[in-house]
Amino acid sequence: MYISFEQGRRARAVLAWVLACMVGGLLLTAPLAGPMIIGDGTAPDGDNMLASLVVLLMATLYTLVVTALPAVVLVHLVRWFGWRRGIADVAVPAGILLAFSALITPTDGAQAGSWLPVILAVAAGIAGFAYWHFAGRPRPPY
């Protein structure tokens, strides 16, 4: 079976996206999964490790579903404008998630803001950086 260069490049991009979603899911679930693995402070329990693996898998699947369409749109925007990869792969997802989460995060009058948008933006930036590395650090021209 013959795989063309373009098919191989697309397959690598999709695999890099899946792995980047796993990195983002791991970053967001580590504060929850870590204590699940440790449990009551004794040796790690197999059930707790399985539960934390399920949490990571669910976070990865959620990230894949939520980012499917925006990822395709962002790839075309980055290529159309000719933005530098690496910088764009980190800054664009982080900026979009920061803006979106800042809009939907409820705040009351006493609270100046929430750290949730910043935490999500940092996780998106790290996942974008992971994507850039997993995709082979692509550069223009495409």
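Here is a short chat about the helices and aromatic residues of this predicted model.

Me: To get my bearings, how many helices and how many strands are there in the chain?
Reply: Let's read the elements off from the N terminus: they run α-α-α-α. The count that goes with this is four helices and zero strands.

Me: What share of the 142 residues counts as buried?
Reply: For a residue to count as buried, its relative accessible area has to be under 20%. Across the 142 residues of the chain, the share that makes this cut is 25%.

Me: And how much of the contact in the chain comes from residues 24 or more positions apart?
Reply: Take the contacts with a separation of 6 or more as the pool. Within that pool, residues 24 or more positions apart account for 68%.

Me: Now H3 and H4. Are they roughly parallel or antiparallel to each other?
Reply: H3 covers residues 87-104 and H4 covers residues 116-134, and their axes come within 7 Å. The axes cross at roughly 155°, and angles over 145 degrees count as roughly antiparallel. As for handedness, H3 passes H4 in a right-handed crossing. Going by the angle, H3 and H4 are therefore roughly antiparallel.

Me: Which kind of residue, nonpolar, polar or charged, has 14 members in the contact of H3 with H4?
Reply: On the H3 side the contact includes Val90, Pro93, Ala94, Leu97 and Leu98, and on the H4 side Val118, Leu120, Ala121 and Phe129 are among the residues met. Three of the contact residues are polar and one is charged. The kind with 14 members is nonpolar.

Me: Asp89 caught my eye. Is Asp89 buried or exposed?
Reply: Asp89 sits in helix H3. Leaving aside neighbours within four places in sequence, Asp89 is in contact with Gly128, Phe129, Tyr131 and Trp132. Its relative accessibility is 11%, and the cut-off is under 20%, so Asp89 counts as buried.

Me: What about Leu103, buried or exposed?
Reply: Leu103 is also found in helix H3. Its C-alpha atom is separated by 8.9 Å from that of Pro117, 14 residues apart along the chain. With a relative accessible area of 73% against a cut-off of over 50%, Leu103 is exposed.

Me: On to the aromatics. Which residues form one cluster with Trp83?
Reply: The structure holds three aromatic pairs. One of them is tilted, at 4.8 Å centre to centre and 50° between the planes, and joins Trp80 to Phe81. Trp80 is exposed at 67% relative accessible area, while Phe81 is partly exposed at 47%. The residues that cluster with Trp83 are Trp80 and Phe81.

Me: How is the aromatic pair of Phe129 and Trp132 arranged, in angle between the planes and in type?
Reply: Being three residues apart in helix H4, Phe129 and Trp132 are separated by about one helical turn. Their rings lie 6.0 Å centre to centre. The planes are at 45°, and stacked would need under 30 degrees and edge-to-face over 60. That makes the pair, at 45°, tilted.

Me: Which of Phe129 and Trp132 is buried?
Reply: Phe129 has a relative accessible area of 42% and is partly exposed. The other value is 15%, which falls under the 20% cut-off. The buried residue is Trp132.

Terms used
Residues are numbered from 1 along each chain as its sequence is written. This is a predicted model: local features need pLDDT of at least 70, side-chain atom pairs count only at pLDDT 80 or more; totals for chains, interfaces and linings use all residues. Side-chain values use heavy atoms; hydrogens and water are left out. Axes are lines fitted to C-alpha atoms, for helices over the stretch in contact, and angles run from 0 to 180 degrees between N-to-C directions. Helices (H or I, at least four residues) and strands (E, at least two) are DSSP runs, numbered from the N terminus. Angles under 35 degrees count as roughly parallel, over 145 as roughly antiparallel, 65 to 115 as roughly perpendicular and the rest as oblique. A crossing is left-handed if the near helix is turned anticlockwise from the far one by less than a right angle, and right-handed if clockwise. Contact means heavy atoms within 4.5 Å. Ala, Val, Leu, Ile, Met, Phe, Trp, Tyr, Cys and Pro count as nonpolar, Asp, Glu, Lys and Arg as charged, and the others, Gly among them, as polar. Rings of Phe, Tyr and Trp (its six-membered ring) pair if their centres lie within 6.5 Å; planes under 30 degrees apart count as stacked, over 60 as edge-to-face and the rest as tilted. Buried means under 20% relative accessible area, exposed over 50%, partly exposed in between (1.4 Å probe, protein chains only).
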